[in-house]
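Trainee: I should be grateful for a close look at the salt bridges of this model, with attention to where the partners lie and how far each is exposed to solvent. A buried polar residue might be taken up afterwards.

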Amino acid sequence: MLTRRHIRVKVMQSVYAFQRAASDDLKPQEKFLTASMDHMYDLYLLMLNLLVEVNSVAESQLEKIQKKYTATEEEKNPSRKFIENELVAALHNDSNLMQLLEDRKLRNWKDDDEYVRIIYDAIIESDLYKSYLKDENQSYKDDRNIILDLYKEVIAPNDKLYDYLEDKKLTWLDDLPLVNTMVLKTLRKIEEGKEDFRLPKLFKDDDDRKFAIDLFRKTILNEESLGKEIEGKTPNWDKERIAQLDAVLLRMAICEFTKFPSIPVKVTINEYLEVAKEYSTPKSSVFINGILDKLVKEYQQKGTLNKVGRGLM
């Protein structure tokens, strides 16, 4: 689930926070890094569960309307199409998802149910929902398509949901785009009539988890020597004028050049340029690319570029 780029972003945030902290103790920031990645998986599970909770509110609301003393004939016999949506039922019946929510004590939508109601209200007011109820056809494909469309058009862009997530975990807003992508991928893969679908793991393998910790530690522990590599490569910039985030990204990239033999040079450069475009100043990617390009040429001339395997230069 976590891509290497997102791991690099998490490490960047942790290195930046460490540099601004008063303590030289790595353990608290390393703990923050691990927690930040783990909390991303919590968000993924919660966004899946949100669909189940919205469906539950829909059923509860329908029951209330049916019990009204002055209920109309239409209110007494409302459409149950949305409530009986087969894709949402698959989520609700998935024992793996429900067990993970319980094990990780993720009760957000129970404790803050007003936000479930906010999403429910937004859904029933949408044209997507109204068209779905009017259509007499009901297939599993229709059920899946409406949930995908509602998630993309109504749930994902909801400003009040954004505010809630930001208040709960500061890192969740950065995580949300990737989490939304993973939620949609998961929903598309759920097959009709199949129980206990496979949820992705947080890390593809143990190497990715190790990469996150190693990159953080090696960047911090070699901060001074990595900084010296930059000196002289920025004739028009002194240390004070280099954006702090750019300095962090440069150190991390140089760390990968010199401390991670199996990562190709081109991969490292491309990854940090993309991170710089998203998180730093408008000119940062050009600035960083220029310095890294100079360093790679220098390492190649000296024969000190620490890479093993074919095609890694």
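Mentor: What follows treats the salt bridges one by one and then turns to a buried asparagine.

The model is a predicted one, and confidence limits apply to its local features. Within it, 19 salt bridges are found. One of them pairs the side chains of Glu 30 and Arg 217, with an N to O distance of 2.9 Å. Glu 30 belongs to helix H2 (residues 26-66) and Arg 217 to helix H12 (residues 206-221), so this pair ties together parts that are 187 residues apart in sequence. The two partners fall into separate accessibility classes. Glu 30 has a relative accessibility of 18% and counts as buried, because the limit for that class is under 20%. Arg 217, with a relative accessible area of 37%, is partly exposed.

Helix H2 also supplies a partner to another bridge, in which the side chains of Arg 80 and Glu 59 meet at 3.4 Å, N to O. Here Glu 59 is the residue in helix H2, while Arg 80 sits in the loop between helix H3 (73-76) and helix H4 (86-92); the pair therefore ties together parts that are 21 residues apart in sequence. Arg 80 is partly exposed, at a relative accessible area of 32%. Glu 59 is likewise partly exposed, at 30% relative accessibility.

A further bridge is contained in a single helix. Lys 228 forms a salt bridge with Glu 224, and their closest N and O atoms are 3.9 Å apart. The distance lies inside the cut-off, because a salt bridge requires the nitrogen to be within 4 Å of the carboxyl oxygen. Both residues are in helix H13 (residues 223-230), where a spacing of four residues separates them by about one helical turn. Glu 224 is exposed, its relative accessible area being 62%. Elsewhere, salt bridges with shared partners join Arg 5, Arg 8, Glu 256 and Glu 271 into one network.

The buried asparagine is Asn 180, whose relative accessible area is 10%. Asn 180 is part of helix H11 (residues 172-189). Its side chain makes a polar contact with the side chain of Tyr 151 at 2.6 Å. Setting aside residues up to four places away in sequence, Asn 180 touches Met 47, Tyr 151 and Ala 156. Tyr 151 thus appears both as the polar partner and among the residues touched.

Definitions and conventions
Residues are numbered from 1 along each chain as its sequence is written. This is a predicted model: local features need pLDDT of at least 70, side-chain atom pairs count only at pLDDT 80 or more; totals for chains, interfaces and linings use all residues. Side-chain values use heavy atoms; hydrogens and water are left out. Helices (H or I, at least four residues) and strands (E, at least two) are DSSP runs, numbered from the N terminus. Buried means under 20% relative accessible area, exposed over 50%, partly exposed in between (1.4 Å probe, protein chains only). A polar contact is a pair of N or O atoms within 3.5 Å; within protein, one must be able to donate a hydrogen and the other to accept it, and residues adjacent in sequence count only if both atoms are side-chain atoms. Contact means heavy atoms within 4.5 Å.
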